[in-house]
Structure formats: C-alpha cells, structure tokens
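Subject: The structure, and what turned up in it

Hi there,

Here is the structure I promised to pass on. Have a look at it first, and then read my notes below.

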Amino acid sequence: MKNIKTLLIGFILMSYASFAQEEVEESNIQNYTPSKLLEKGKWDIKWFNNLYTQTRTNSNGENFNIPRSNFFTTSLEVFTGVSDSKKFNAGLILEFRSNSFGDQSATSVFSFNNEVGKSRSGLGHIAPSVKIAPFGSLPNFSVQSSFFIPVFDKESNENGYLAQKSYIWQNRFFYDYTFTGSKFQLFTELGTRFFFGEKSVNDDGSSNPDGGFANNSLELAPGVFLSYFPTSKFTVLGFVQHAQLIDLGNKFSQNYTALGTGAKYQLTNVLNAELLYSKFVRGYESGLGQSFNLGLRAIF
C-alpha cells in the first residue's frame, strides 16, 4: 500500500509539472508579443474589430456636442515566417469599414448599409507588409512596414465618409520588456504614417473629390502598454496612446490622447482573444469619443 501511495504521489507531481510546462509553452499572449517574429513556416492570423463612437468633437480648440457618429473597422492581418533566423516575416492586411451618421445608435454600423447621408460601408485598404528584427542583440525589438492602398472610390461624397483616400506608408517600431518573475510586461510602440496622394482642395480653392484631407501629412503615434499576468494564459493591461498629425503642406493638423484598459486570454494552444476599451480624453481638431475592441489571434 505504501508503494502504491508513493507511486500515486509521484504520478500526480509529474502530471502537475507536465501541465505547468505545457501552460508556459502554450502561452502565445506572453511569448508572441507584437515585438516577436515568427519562425520559418509559422503563421499568425489576427482578426481585429474596432468600434469608435462619438458625441463630442474639438474644432478650432473648442469642444462641442454633436449628433452621434460611428466608425467600425474590421481588419484581417496574416503574417508568416520566411527566414530561418526569425528576422523576416511577410504579410498582408485587409481593412473593411462601416460608418453611420445622423445620431444613429452605435450598433447601427453592423447593418453594413449604404444609405445616402446615413451610412457607408466597404473595403477600405489593402496593405502588403513586412516585419523585420534588425538587431540580433535586441530580439524584442522589431519594425513592421506596411503600404496601404485605397480601394474605394471617394473619401467623402453624398454617402458620407468611409476612410482616408490616401496611400499610406506605415512603420511601427515595437519593443517589449518582461520583468523578473514574468508577472509584468512593458510594451512600447512608435507608429508613423505618411499620407500622400491628391490634395482635397484644388489650387483654385474648389473641392477635389478624388483627394484626401490628410494627404501630405505625417502622423506620429507613440503608445505604452503595461500588462500583468495572474497566470501565463491571462493578462490584464492598461495603456496610453497619443497621435500627432503634422502638416507637411495640406494646411491641416490634429492630435489626440487616449487612455485604455483591457484583457487577453489564451483559449487554446493556437487561439487567443482580447478585449480593449479606450477613451479619447483630449484632442485638437479630432473626435472625443470612445472605442470598443475585440480581437481573435491564431498562431500555428
């Protein structure tokens, strides 16, 4: 009987150790931050949904109440590892948008209607992308470069605004640091977007329907995220983000700051989910709304 008890206790301890090791290995939310690149032949597919809704805006430095408007973006990002050294990934991003205006409810965007003056939906941009880890001594630092190509007709017409009618060269610089004990993780990002294309206003002052309001401008967008891991499969986080659109010749600039919180959970060995909320606490020539985000990410 004593031997059986000893064997049973040994089996339980071995099972627990195996489970604990498996849990660490399965925690993609901890191991595959945006800073990390994929091994050759591995795939990363992310479906991310962002609903932004606003009833206040800033114009000329003053805040105003406005009828509710809503902007929904659903994006699909697909990346794969293509180098043995984990220094190069290639991918593609697709963005589909649905917007509604005229004091409609935030959920009206999910009707995906095209109604004059009330709603507009459609594919916004496609973006071939690459991701590189340029420094072998900094494996937690990477750069993602994407070229967004607009695939819709006009930025703003009788149907309402859909997206920027701009070609956009986006670069995102990622870095993360895991503190001793693996309970806290700091993630930082600096995003840049250069907008170019036809101007929204012609030289004679008339409107150009084929132009974009943000063209000939540069956006700088830093962000800081602090995550806490109660377990390797679950994290809660808080973040602050800022965006500064700099006028490079189009006579338009804007900026805003947002605070947010959220959580991520590893559902299976492959799939994890995230929920995020952010509030735009200040802005200049921008909306003062809030955003709700849901994402699913599969790594295999």
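What follows is a short tour of the fold, some of its strand pairs and one pocket.

Please keep in mind that this is a predicted model. The protein chain has 300 residues, of which 41% are buried. Its C-alpha trace spans about 95 × 40 × 30 Å along the principal axes. In secondary structure, the protein chain comes to 2 helices and 14 strands.

The main thing to look for is a closed barrel of 12 strands, paired antiparallel in the order 1-2-3-4-5-8-9-10-11-12-13-14. Neighbouring strands of this sheet are turned against each other by 20 degrees on average, direction ignored. Contacts across the sequence are worth a mention too: among those between residues at least 6 apart, 59% join residues at least 24 apart.

If you would like to trace part of the barrel yourself, you could begin at strand 3. Strand 3 (residues 88-100) runs antiparallel to strand 4 (residues 119-132), with 13 bridges between them. Here Asn 89 stands opposite Lys 131 of strand 4. On to strand 5 (residues 141-150), which pairs with strand 4 through 6 bridges, again in the antiparallel sense. In that pair, Val 130 has Ser 145 of strand 5 as its bridge partner.

Another stretch to follow is the run from strand 8 to strand 10. Strand 8 (residues 167-178) and strand 9 are antiparallel and share 12 bridges. The hairpin they form has 5 residues between the strands, and Gly 181 in this hairpin takes a positive phi near 100 degrees. Strand 9 (residues 184-196) is also joined to strand 10 (residues 217-231), by 12 antiparallel bridges.

Gly 191 is a handy landmark here. On one side, Gly 191 is the bridge partner of Arg 172; in strand 10, Ala 221 stands opposite Gly 191. Further along, Phe 195 is bridged to Ser 217 of strand 10.

Which residues lie nearest the centre of the second largest pocket? They are Lys 199, Val 201, Gly 249, Asn 250 and Lys 251, out of 11 residues that line the pocket. The volume of this second largest pocket is about 170 Å³. Its lining divides into 6 polar, 3 charged and 2 nonpolar residues.

Happy to go through any of this with you at the screen.

Best wishes

Note on methods
Residues are numbered from 1 along each chain as its sequence is written. This is a predicted model: local features need pLDDT of at least 70, side-chain atom pairs count only at pLDDT 80 or more; totals for chains, interfaces and linings use all residues. Side-chain values use heavy atoms; hydrogens and water are left out. Two strands pair if DSSP finds at least two bridges between them. Helices (H or I, at least four residues) and strands (E, at least two) are DSSP runs, numbered from the N terminus. Axes are lines fitted to C-alpha atoms, for helices over the stretch in contact, and angles run from 0 to 180 degrees between N-to-C directions. On a 1 Å grid over the protein atoms alone, a cavity is a set of points where a 1.4 Å probe fits but cannot get out, and a pocket is an open set with protein on both sides within 12 Å along at least five of seven lines; lining residues have an atom within 4 Å of a point. Grid points are joined across faces, edges and corners, and a volume is the space filled by probe spheres set on the points. Ala, Val, Leu, Ile, Met, Phe, Trp, Tyr, Cys and Pro count as nonpolar, Asp, Glu, Lys and Arg as charged, and the others, Gly among them, as polar. Buried means under 20% relative accessible area, exposed over 50%, partly exposed in between (1.4 Å probe, protein chains only). Contact means heavy atoms within 4.5 Å.
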